[in-house]
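Biologist: I'd like to go through the wording used for this model, term by term. Whenever you use one, tell me what makes it apply.

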Amino acid sequence: MKLILPLLALLVALLFAASLLIGPAGLGLGESLRALFRGEGEAMVLVMREIRLPRAILGLMAGAVLGLSGAAMQGYLRNPLAEPGLIGVSSSAALGAVLALQTGLAATLPLALPLAALAGAGASVLLVLVMAGPRGGALALILAGIALSALSGAVTSLVLNLSPNPFAAMEIVHWMMGSLADRSMSHVWLAVPFMVAGMAALLTLGRGLDALTLGEDAAQSMGVNLPRLRLVLILGTAASVGAAVAVAGAVGFVGLVVPHLLRPLVGARPSRLLPAAALGGAAMLLAADIATRLIAPDRDLKLGVLTALVGAPFFLHLIWRMRRVEA
Amino acid sequence: MTLLSLQNLTVRRGQCPVVDDVSLTVSRGEFVGLLGPNGAGKTSLLRGALGLLPAEGRSSLASLPPLARARAAAFLPQGREIAWPVSVEVLVALGRSPHGAADPTDPAVNRALARMGLTAFRQRRATELSGGEQARVLIARALAQETPLLLADEPVAGLDPEAQIRTMQVFADLAAEGHGVVAAIHDLGLAARHCSRLLLIHRGRLVADGPPREVLTDAALAEVFGIKGFHTETADGPVFQPMGLVR
Amino acid sequence: MVNKAAYRRDRHTSAARRPYARQTWAIPALFAINAAFAALCTTPAAADPAPARVVSINLCTDQLAMLLAAPGQLVSVSDLATDIRSSSMVDQAAAYPANHGGAEEVFLLHPDLVLAGTYTTLGSVDMLRRLGVRVVQVPPVNALDQVPEQIIAVGQALGREDAARKLVAEFQAGLAALAVDLPPATAALYFPNGYTTGKGTLADDVLTRTGFANVGATAGLTGGGTLPLERLVLAEPQVVVTSTPYPGASRAEEILSHPALAEIRKKAGISAASDADWVCGTPYILRAVAGMRQAREALK
């Protein structure tokens with residue numbers, strides 16, 4: 001069990017390397033590495049440093065964000081169904097991002113893009129926590145999530161449909177499903193600081209989330225400052241998920257599947273699940289992104305398609321198990 | 001030495017006071033039974049005393065910062081919640097978190113497991129145990145916190161007789177070792193037999209406070225619980241048995 | 001280019017409303033249908049007397065009809081004819097009432113001839129035919145050599161063969177004057193979502209005639225398709241032709257401002273934008289040819 005973090009880190013490193021080395025241009029291993037590290041070969045340097053590197057970095061970071069925020073929200077609500085995609089946080093972040101883009105705000109002030117997505121994500125986390133109540137009842141949580149996803153999805157579609165740009169309306173699916181195609185280093189610089197800050201905040205919550213295993217009263221009596229924990233959770237999730245969605249769209253199910261798979265491997269302790277879920281999420285998203293390039297290189301297959309194909313059966317399985325436990 | 005002091009503590013739900021102007025102190029060496037019918041305000045009193053509920057008046061615990069409070073008093077909530085399938089030793093070690101790391105190898109964890117007779121269970125998943133076993137694991141967690149004061153909300157409800165008696169003895173032993181224990185209890189017989197002092201709560205007010213014999217009077221039982229009981233002294237200590245309804 | 005062109009020419013086709021959804025499958029289909037319709041649409045027109053009330057519901061027939069029709073003969077053109085991004089004849093089109101290609105709206109104009117594209121909503125065309133309106137469908141043009149046929153076809157439908165022949169002569173003279181005799185330089189057409197065009201497209205023909213080798217065609221594309229950005233970068237084109245972004249933001253167009261593409265364009269030194277002149281097989285395509293010829297000569 002002690003080996004789980006190093007093993008996951010190794011897996012992430014391998015997938016990151018694979019993400020850098022696999023692409024439609026079919027560069028050789030040697031020339032790819034020379035271009036990446038030594039800057040040899042003008043066009044190949046552009047391919048490696050400006051096209052593949054940002055894609056790999058964003059895949060790693062967005063996956064880590066989704067896995068970590070899923071684990072943190074599940075720990076706080078003590079509910080394995082809490083996941084940024086399912087409870088509408090991702091779609092609200094997407095709405096914020098789309099508003100920033102379509103109002104032209106993001107064009108004049110680039111920071112407006114992650115900040116608007118952060119605001120959307122933050123508002124939805126807050127709303128879901130209020131709706132689900134302190135114990136995070138599964139029904140209230142999922143219903144609030146459905147309502148929130150539907151609402152922000154509808155407003156996103158409306159904004160994109162009303163856009164003067166004929167391509168915008170076609171991109172509803174991008175915001176709902178997510179994609180890392182053709183992202184650039186400018187997206188990395190814009191989003192990664194928020195993702196890092198948000199993840200750093202979420203990673204501090206381990207002790208409090210462990211204590212919450214025994215409920216809010218027990219946790220508070222063990223010295224957990226619950227209002228502060230809640231605030232850090234909201235801000236951390238909003239910053240990291242907001243920034244991830246702003247550049248990659250809303251990729252669902254990573255935050256559901258990864259904590260669920262890793263929980264038994266870390267003895268179910270929320271504090272140990274946090275870093276493991278971050279690494280696991282990064283591995284899952286990198287793998288999904290590599291798969292989109294291998295399965296349909298020319299089609300810009302959406303990331304969310306693959307994560308949902310894996311994740312939705314998991315979701316049903318979890319509901320089935322919870323139903324049996326509750327019955 | 002005083003471990004808890006409440007002065008005019010009042011907890012309101014809406015306008016209605018569920019704890020009404022309660023003043024008391026708990027000192028080292030005391031095992032205090034908190035008695036009262038359902039809805040009398042026992043849980044609210046404990047939570048208000050810890051600062052988990054907004055309250056008027058003064059509580060020596062509620063005024064402490066969270067971590068200092070966690071080192072001064074452990075609390076066993078009524079709801080026996082175990083959200084994740086962690087192992088017993090990991091769960092019990094959570095009690096050590098106010099003192100630093102929640103380390104399952106901490107000697108305090110071993111002591112708590114031993115006191116509750118759970119040493120053989122330490123590697124088991126807490127969620128897979130029976131309800132009574134889970135209750136004992138949660139008590140062990142509160143014991144592992146090794147605080148001067150332990151507040152427990154219905155710790156023995158739902159336990160089998162052996163576990164009930166063992167738990168009450170553990171609490172009495174803690175008091176004998178110089179700790180203070182306050183436990184909300186519905187079983188008047190157990191309370192009478194093991195507690196050094198009883199508090200009787202009725203409609204939010206503290207109506208009696210003293211040694212078991214002085215609190216469990218016929219008048220108080222009839223007034224507060226609407227029951228009558230049989231009370232005697234034996235060689236093994238006091239015995240109390242509720243016998244029937246007054247009306 | 002073709003996706004945008006086809007999109008504009010046949011905006012009323014529901015599939016064509018999705019600028020990129022149709023990019024991969026629609027183009028090959030286009031060729032098959034062209035062949036069938038080219039034979040079908042041109043011949044019977046000559047036999048009919050000149051129509052008096054003509055309505056055009058397709059961007060390309062709009063422009064040919066405006067160039068060829070007798071005064072008063074053309075009653076209405078499509079609304080795209082006044083779109084600066086799509087039409088080379090915005091000013092002329094402003095003089096005509098605009099239609100949106102719906103069968104009901106067109107029928108109420110009492111036309112005796114409707115000019116449509118082969119991709120114009122089949123529903124509208126069928127409905128108009130059922131209502132007894134003569135509809136002539138004109139296929140899209142995929143090579144400069146097809147432009148004269150297109151002009152003649154519309155001329156015949158309008159009963160304006162003489163005007164058509166005159167226009168063809170002018171076009172051919174103009175095309176000959178723009179001939180380039182230079183070895184091929186590499187050029188890439190690059191559009192939102194990494195869309196490009198290969199062999200068998202009007203844009204490819206424009207590049208070929210002006211001394212360029214089209215990167216899309218070299219990459220093996222026939223018709224339109226996507227070219228991953230990294231393959232474009234590795235092809236190191238000397239000229240990159242892109243489109244002007246629409247107002248409002250879209251992720252599809254973000255690729256046009258990707259740092260890697262910006263780098264390529266900086267190195268190329270010349271960047272051209274494809275505009276309304278590239279869309280249709282009308283004499284205005286000569287302006288696109290002239291622009292690319294200038295770009296090629298600047299490379300020397």
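Modeller: Start with one residue pair in chain B: B:Leu34 stands opposite B:Ala184 in β7(B). This is a predicted model, in which local features need pLDDT of at least 70 and side-chain atom pairs count only at pLDDT 80 or more, while totals for chains, interfaces and linings use all residues. Residues are numbered from 1 along each chain as its sequence is written, and chains are lettered from A and ligands numbered from 1 in the order in which they are written.

Biologist: What makes β3 and β7 of chain B a pair?

Modeller: Two strands pair if DSSP finds at least two bridges between them. Strand β3 (residues 31-35) and strand β7 (residues 180-184) of chain B have four bridges, in the parallel sense, so they qualify. The elements themselves are DSSP runs numbered from the N terminus: helices are H or I over at least four residues, strands are E over at least two.

Biologist: In what order do the strands of that open sheet in chain B run?

Modeller: The order of the six strands is β5-β6-β7-β3-β8-β9, with mixed pairing.

Biologist: And why do β5 and β9 of chain B stand at the edges?

Modeller: β5 (73-76) and β9 (205-210) each have a single partner strand, so one side of each has no neighbour in the sheet. Ignoring direction, neighbouring strands are turned by 15° against each other on average. On top of that, helix α5 (residues 131-144) of chain B lies across β5 and β6 (149-153), running at about 170° to β5(B).

Biologist: How do you know that β6 of chain C pairs with β8 of chain C?

Modeller: Same test as before: β6 (residues 185-190) and β8 (residues 212-214) of chain C share three bridges in the parallel sense, and the rule asks for at least two, so the term holds. One bridge there puts C:Ala185 with C:Phe212. β6(C) also pairs in the parallel sense with β10 (residues 239-243), over four bridges; C:Tyr190 has C:Thr242 as its bridge partner in β10(C).

Biologist: Now the helices. Why are α1 and α14 of chain A called roughly parallel?

Modeller: Angles run from 0 to 180 degrees between N-to-C directions, using lines fitted to C-alpha atoms, for helices over the stretch in contact. Under 35 degrees counts as roughly parallel, over 145 as roughly antiparallel, 65 to 115 as roughly perpendicular and the rest as oblique. The axes of α1 (residues 4-21) and α14 (residues 270-295) of chain A cross at roughly 25° and come within 9 Å, so α1(A) and α14(A) are roughly parallel. The residues of this contact divide into 17 nonpolar, two polar and one charged. Ala, Val, Leu, Ile, Met, Phe, Trp, Tyr, Cys and Pro count as nonpolar, Asp, Glu, Lys and Arg as charged, and the others, Gly among them, as polar.

Biologist: What makes α2 and α3 of chain A roughly perpendicular, then?

Modeller: The axes of α2 (residues 29-38) and α3 (residues 42-77) of chain A cross at roughly 75°, which sits inside the 65 to 115 window, so α2(A) and α3(A) are roughly perpendicular. A:Glu31, A:Ser32, A:Ala35 and A:Leu36 of α2(A) make the contact with A:Met44, A:Val45, A:Met48 and A:Arg49 of α3(A). By class, that contact has five nonpolar, one polar and two charged residues.

Biologist: How do you know that no contact joins chain B and chain C?

Modeller: A contact needs C-beta atoms, placed from the backbone, within 7 Å. None turns up between chains B and C, and their closest C-alpha atoms lie 42 Å apart.

Biologist: Of the two pairs of chains that touch, which has the most contacts?

Modeller: Chains A and C. There, 28 residues of chain C are in contact with 26 residues of chain A. α11(C) gives the most to chain C's side, with five residues. On the other pair, 19 residues of chain A are in contact with 25 residues of chain B, and α11(A) gives the most to chain A's side, with four.

Biologist: Which residues of chain B does UniProt list for "domain: ABC transporter"?

Modeller: Residues 4-228, from an unreviewed entry. UniProt positions follow the numbering used here, feature names are shortened, and annotations may be inferred rather than shown by experiment. In the model that span is 36% helix and 26% strand. For chain A the record lists several stretches under "transmembrane region", including 273-291; that span is 100% helix and 0% strand.
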